[in-house]
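The exercises below are meant to be worked through with the model open beside the page. Each one sets a task and then gives a solution in steps.

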Amino acid sequence: VNVGCGPAEQRLLLTGLHSVADIFCQSCKTTLGWKYEQAFESSQKYKEGKFIIEMSHMVKENGWD
């Protein structure tokens with residue numbers, strides 16, 4: 001609900017070529033990470049539809065407990 005998705009584009013990542021879309025906060029428009037739209041290698045298909053949020057955008061309040 002609070003996350004928007006940009007257009008998909010092909011990127012060469014460490015695990016091969018993927019079609020990914022940046023995801024961002026709907027409120028402040030900060031890029032948070034990306035969503036795997038399509039994996040071109042059969043061994044990477046499990047990533048399709050999954051999200052990656054970069055650690056630099058994680059906020060820790062009152063500990064992780």
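**Exercise 1.** Is E9 buried or partly exposed, going by its relative accessible area?

*Solution.* Bear in mind throughout that the model is predicted. Begin with the cut-offs, under which a residue is buried below 20% relative accessible area, exposed over 50%, and partly exposed in between. The relative accessible area of E9 is 39%, so E9 falls into the partly exposed class.

**Exercise 2.** Find the partner that E9 meets in a salt bridge, and follow the charged side chains onward from there.

*Solution.* The first step leads from E9 to R11, whose side chains meet in a salt bridge with a distance of 2.8 Å from N to O. The second step leads from R11 to D22, where the side chains form a salt bridge at 2.7 Å, again N to O. This pair links distant parts of the chain, since R11 belongs to strand β1 (residues 3–13) and D22 to strand β2, 11 residues apart. Putting the two steps together, E9, R11 and D22 form a network of salt bridges. As for their surroundings, R11 is partly exposed at 21% relative accessibility, and D22 is likewise partly exposed at 29%. As a general background to such pairs, side chains of opposite charge can pair when their charged atoms come close.

**Exercise 3.** How many salt bridges does a search of the whole structure find, and which residue forms one with E48?

*Solution.* The search of the whole structure finds 3 salt bridges. E48 forms a salt bridge with K45, and the closest N and O atoms of this pair are 3.4 Å apart. Both partners are partly exposed, E48 having a relative accessibility of 31% and K45 one of 39%.

**Exercise 4.** Describe how strand β2 is paired with the strands on either side of it in the sequence.

*Solution.* Start with β1, which runs antiparallel to β2 and is joined to it by 9 bridges. Within this pairing, V3 stands opposite C25 of β2, and the hairpin that joins the two strands passes through 2 residues. Turn next to β3, which pairs with β2 in the antiparallel sense over 7 bridges. Here H18 has A39 in β3 as its bridge partner. The hairpin formed by β2 and β3 has 5 residues between the strands, and K29 in the turn has a positive phi of about 65 degrees.

**Exercise 5.** Is S19 buried or exposed, and which residues is S19 in contact with, leaving aside its neighbours within four places in sequence?

*Solution.* First locate S19 in strand β2, which covers residues 16–25. This strand is mostly covered, with 7 of its 10 residues buried. S19 has a relative accessible area of 10%, and therefore counts as buried. Leaving aside neighbours within four places in sequence, the contacts of S19 are A8, E9, Q10, K35, Y36, E37, Q38 and F40.

**Exercise 6.** Take F40 from that list of contacts, and work out where F40 lies and what surface feature F40 helps to make.

*Solution.* F40 is found in the loop between β3 (31–39) and β4 (51–53). With a relative accessibility of 36%, F40 is partly exposed. Together with L12 and L17, F40 makes a nonpolar surface patch of about 290 Å². F40 thus takes part in this patch while also being in contact with the buried S19.

Notes
Residues numbered from 1 in each chain as written. Predicted model: local features only at pLDDT ≥ 70, side-chain atom pairs only at ≥ 80, totals over all residues. Heavy atoms only, no water. Helix = DSSP H or I, 4+ residues; strand = E, 2+ residues; numbered from the N terminus. Buried < 20%, exposed > 50% of the residue type's maximum accessible area, 1.4 Å probe, protein only. Contact = heavy atoms within 4.5 Å. Patch = residues over 30% accessible without salt bridge, like charges linked within 9 Å, V, L, I, M, F, W, Y side chains within 5 Å. Areas by Shrake-Rupley, 256 points an atom, 1.4 Å probe, with all protein chains shown as cover. Salt bridge = Lys/Arg side-chain N within 4 Å of Asp/Glu carboxyl O. Pairing = 2+ DSSP bridges.
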